[in-house]
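Here is a short tour for a first look at this structure. Take a moment with the sequence and the 3D view, then read on.

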Amino acid sequence: MADDPTRQLEERARAARAEFDAAVSAATDAAALQALRDRFVGRKAGLVTALMKDLGQLPAEARKAAGASLNALKQAIEGALEERQAALAAGEREARLQAERVDVTLPGRPIPQGGRHPLTTVREDLEDIFVAMGYEVYDGPEVEDDYHCFEALNMPADHPARDMQDTFYLEGPGGLLLRTHTSATQIRYMVENERPPEVRIICPGKVYRRDDDITHSPMFQQIEGLVVGKGITLGDLKGTIEVFLHRLFGPQYPVRFRHSYFPYTEPSVEADLGCINCGGSGCRICKQTGWLEILGSGMVNPAVFEAVNRRLGRNAYDPEQVTGFAFGLGIDRVAMLRYGIDHIRLLYQSDLRFLEQFPR
Ligand code: DAH
């Protein structure tokens with residue numbers, strides 16, 4: 001009985017099955033599964049394959065049943081390998097999902113946001129106030145010439161008022177310079193626009209002077225205003241400036257006008273605002289006067305209209321027909337007053353620790 005080939009084959013099949021069952025649950029990766037596939041059902045050296053080859057040694061009447069049972073074994077092994085492979089893949093996927101797990105309830109990391117520079121905020125506030133009063137915003141160049149910056153503003157070459165504005169001149173032909181004030185843009189507008197004699201503009205922009213201390217920077221910013229029309233009076237100037245300053249700083253501060261001198265206005269006045277720091281009792285900010293000097297202004301000097309007319313070659317701004325007023329103020333100064341900034345350079349250092357303190 002012991003050497004009955006049918007029993008021997010059954011015995012070898014049972015042993016192969018037992019070995020496979022033990023090995024398959026121990027296989028933990030694709031390579032181990034492939035090794036099992038080779039060992040048991042491989043075409044060349046598979047144990048079950050060898051058993052099938054040995055079927056020929058069985059008596060004919062035993063072959064069919066033995067063949068069927070070997071086929072079943074082969075299928076069981078292949079099925080188990082596939083199942084195991086699927087289980088391993090599922091395990092891997094689960095592990096990957098665990099590893100890649102994200103907590104969707106975590107708050108997001110904020111993206112740093114830029115903000116407006118305080119000078120931009122102030123400039124836009126100034127523009128808004130005037131635009132609401134019907135003014136047009138008009139830009140002029142920072143590189144100017146003597147005519148627009150001085151000559152047409154009634155400051156001929158030897159005029160002592162030029163000394164008030166220490167100028168950066170550019171080398172080379174053309175007598176170019178960096179504008180010392182936005183007043184140059186008044187002239188540009190009148191010379192370059194064909195819709196006079198009604199004018200209502202503001203001109204914000206950078207200006208340059210050889211000046212450097214805690215309240216002066218070689219580059220700073222101004223806003224200029226010019227109104228021209230029939231019957232414009234000093235009363236219009238005063239009303240406009242008062243409304244403007246009250247909208248900018250608040251209606252609680254008194255506004256006063258002092259006579260002054262600018263070559264391009266006659267009469268000239270400066271506007272002061274009751275000190276927003278001490279309320280008028282006197283402090284360091286207002287130099288103990290109770291008043292803050294805010295802007296220069298005046299009625300446009302007919303000499304300015306005449307200079308423009310000469311340039312245009314026609315009497316476009318006839319001083320007998322039209323009058324006007326103009327004003328100019330420093331944007332930096334307004335920003336320093338509004339935010340309590342004590343050194344102008346802070347506005348130009350791009351230091352985020354400083355800039356982040358301002359409303360955006
Ligand atoms: N240009 C003057 C300055 O730079 C400011 C100024 C004064 C402008 C009187 C004007 C004006 O338009 O009428 O300080």
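## Getting oriented

Helices (H or I, at least four residues) and strands (E, at least two) are DSSP runs, numbered from the N terminus. Residues are numbered from 1 along each chain as its sequence is written. This is a predicted model, where local features need pLDDT of at least 70, side-chain atom pairs count only at pLDDT 80 or more, and totals for chains, interfaces and linings use all residues, while side-chain values use heavy atoms and leave out hydrogens and water.

## Around the ligand

Which elements supply at least two residues each to the shell around the ligand? They are helix 7 (183–192), strand 5 (219–229), strand 8 (291–300) and strand 9 (323–330). The ligand has 16 residues around it, each with a heavy atom within 4 Å. Ser183, Arg209, Gln222, Glu224 and Tyr264 come nearest.

Polar contacts here are pairs of N or O atoms within 3.5 Å. A polar side-chain atom of Glu224 sits 2.5 Å from a ligand oxygen, and for Gln222 the distance to a ligand oxygen is 3.0 Å. In Gln186, a side-chain N or O atom is 3.1 Å from an oxygen of the ligand.

## The nonpolar cores

A nonpolar core joins buried (under 20% relative accessible area, 1.4 Å probe, protein chains only) Ala, Val, Leu, Ile, Met, Phe, Trp, Tyr and Cys residues through side-chain atoms within 4.5 Å. The largest core has 44 residues, of which Phe244, Leu245, Phe249 and Ile294 touch the most other members. Helix 8 (residues 234–249) gives the most to this core, with six residues.

Notes: A polar contact is a pair of N or O atoms within 3.5 Å; within protein, one must be able to donate a hydrogen and the other to accept it, and residues adjacent in sequence count only if both atoms are side-chain atoms. Buried means under 20% relative accessible area, exposed over 50%, partly exposed in between (1.4 Å probe, protein chains only).
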